[in-house]
Amino acid sequence: MHKNQFSHCERILVNVRMATLDPAVGAPYGLLDSHILAICQGRIAKLLPRHEADLSDFDGEIIDGQGGWLTPGLIDSHTHLVYGGHRAREFEQRLLGKSYEEISRAGGGILSTVRATRGLSQEQLVVQARPRLEALLGEGVTTVEIKSGYGLTVADELKILRAAKALVAEYPVRVSTTLLAAHCVPPEFRSEPDRYVEVICQELLPQVVEEHLADAVDVFCETIAFTLQQSERIFAAARQAGLGIKVHAEQLSLSGGAALAAGFGAWSADHLEHLDEAGILALQASGTVATLLPGAFYFLQEHRKPPVGLLRHHGVPMALATDLNPGTSPLASLRLMLNMGCTLFGLTPEEALAGVTRNAAKALGQGDVLGTLHVGKQADLLLWDIEHPAQLAGEFGSLRPRQRIVRGEVVHASHG
């Protein structure tokens, strides 16, 4: 073997078992045993059987995995991580019998967080977001989606997205930002929701595009939020602006929002507890990812589960995410979602791990560059001291990655 086969590589991982999550490998978890992984310029350059790799002339860093497991970095593809205040009082109210809808219609819910968020500066929002982000990174998250949606004015929505972008400069993490100005109708437009939709499409969206503040646009298409017609207007504007499309849909009722978004080629449709088979077929036809959010299901003590069996039957890719937010899923743990996806929704551990790697990448429009261990993809990797990847879903609280590699560089999760 030519001794310069790794001449441009910075580091090589050896003595690891790889859960590549690549379906083309044809083994559970995409297992590759007795292979090495070489990193060049932040990307996976080579995956070779160990006996084919001549490292005698390699002068870069060799990382000995000591028999551990290597996985793609974890991806949290649905969070509301930047916000002000808390909603612990609503937790009490729900336990005393009030519903999510009752709390929302009484001025609580999303609007209470809107009031708290509007009162903070961009830097104050960053300060409050840091512990949440650090909790995710400590568990192995290397990419996180962050939505706006708690400002509901042009200035405040921009402030949230700028705060999300500011976090990128502080931490070794990829951040995908999503404009969710259509989270709920703000009090200023309570009697004129169509006018607010016009503000989103004609005033806010152009500024977001000009400043490159968002990768996608999301809409809460639901009885307490935005109608199909209003959602369609926002999706059309987003597509014209060249942004990805996501949707909160079928969480509280069968709204048809998932099928509508799928018609626009949406990256993902999220929640989906009330999704029917027609909606599933629409997702299948468009390649839209079904993002399941067991944290909200658990925290709201819901009983109707998303139709995992039908999604599986029709081959719709399923992602898992935290839905990290102050009111309905204040749970900064993607690893907990792995466990909940299995115990509450009936996913297998392999499906759950694919849901926070391969399918989560697709849910962010990044399936071609993230989510599996595959030559050419970004080298966002985790090295675990485990005996089997099912442990990542079957155990909670004690397992932390031994090593995090982001963009090919060994990093730590802490601030600074």
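Here's a quick briefing on the fold and a few residues worth finding in the viewer. Keep in mind that this is a predicted model. The protein has 416 residues, 60% of which count as buried, and its secondary structure comes to 15 helices and 16 strands. Below, we go from the whole chain to some strand pairings and then to single residues.

**Overall build**

- The radius of gyration is 21 Å, which agrees with the value near 22 Å that a compact globule of 416 residues would have.
- If you lay the C-alpha trace along its principal axes, it spans about 70 × 40 × 40 Å.
- Take the contacts between residues at least 6 apart in sequence: 73% of them join residues at least 24 apart.

**Surface and charge**

- About 15,900 Å² of surface is accessible, and carbon and sulfur atoms account for 50% of that.
- On the charge side, count 36 positive and 47 negative side chains. The centres of these two sets lie 2 Å apart.

**Strand 7 and its two partners**

- Strand 7 covers residues 141-147, and seven of its seven residues are buried, so the rest of the structure largely encloses it.
- One partner is strand 6 (residues 74-76), which runs parallel to strand 7 and is joined to it by three bridges. To see one of these, look at D76, whose bridge partner in strand 7 is V144.
- Another partner is strand 8 (residues 174-182), again parallel, this time over five bridges. Here T143 stands opposite R174 of strand 8.

**The hairpin of strands 2 and 3**

- Strand 2 (residues 31-40) pairs with strand 3 (residues 43-49) in the antiparallel sense, and six bridges hold the pairing.
- For a landmark across this pair, find L37, which sits opposite L47 in strand 3.
- The two strands make a hairpin with two residues between them. Q41, in the turn, has a positive phi of about 50 degrees.

**Two more positive phi values**

- As background, most residues other than glycine have a negative phi.
- E250 goes the other way: its phi is positive, near 55 degrees. You'll find E250 in the loop that links strand 10 (244-249) and helix 8 (257-263).
- Is E250 buried or exposed? With a relative accessible area of 1%, E250 is buried, because the cut-off for buried is under 20%.
- H271 also has a positive phi, near 90 degrees, but H271 is found in a strand, namely strand 11 (residues 268-271).
- The relative accessibility of H271 is 3%, so H271 counts as buried.

**Q93 in helix 1**

- Q93 belongs to helix 1, which covers residues 88-95.
- Its relative accessible area is 22%, so Q93 is partly exposed: that class lies between the 20% and 50% cut-offs.
- Which residues does Q93 touch once its neighbours within four places in sequence are left aside? They are K98 and I103.
- I103 is 10 residues from Q93 in sequence, and their C-alpha atoms are 8.1 Å apart in space.

Conventions. Residues are numbered from 1 along each chain as its sequence is written. This is a predicted model: local features need pLDDT of at least 70, side-chain atom pairs count only at pLDDT 80 or more; totals for chains, interfaces and linings use all residues. Side-chain values use heavy atoms; hydrogens and water are left out. Buried means under 20% relative accessible area, exposed over 50%, partly exposed in between (1.4 Å probe, protein chains only). Helices (H or I, at least four residues) and strands (E, at least two) are DSSP runs, numbered from the N terminus. Two strands pair if DSSP finds at least two bridges between them. The radius of gyration is taken over C-alpha atoms; the globule rule is 2.2 Å times the number of residues to the power 0.38. Contact means heavy atoms within 4.5 Å. Accessible areas come from the Shrake-Rupley method with a 1.4 Å probe; for residues, only the protein chains shown count as cover. Lys and Arg count as positive and Asp and Glu as negative; His and the chain ends are not counted. The place of a charge is taken as NZ of Lys, CZ of Arg, CG of Asp or CD of Glu.
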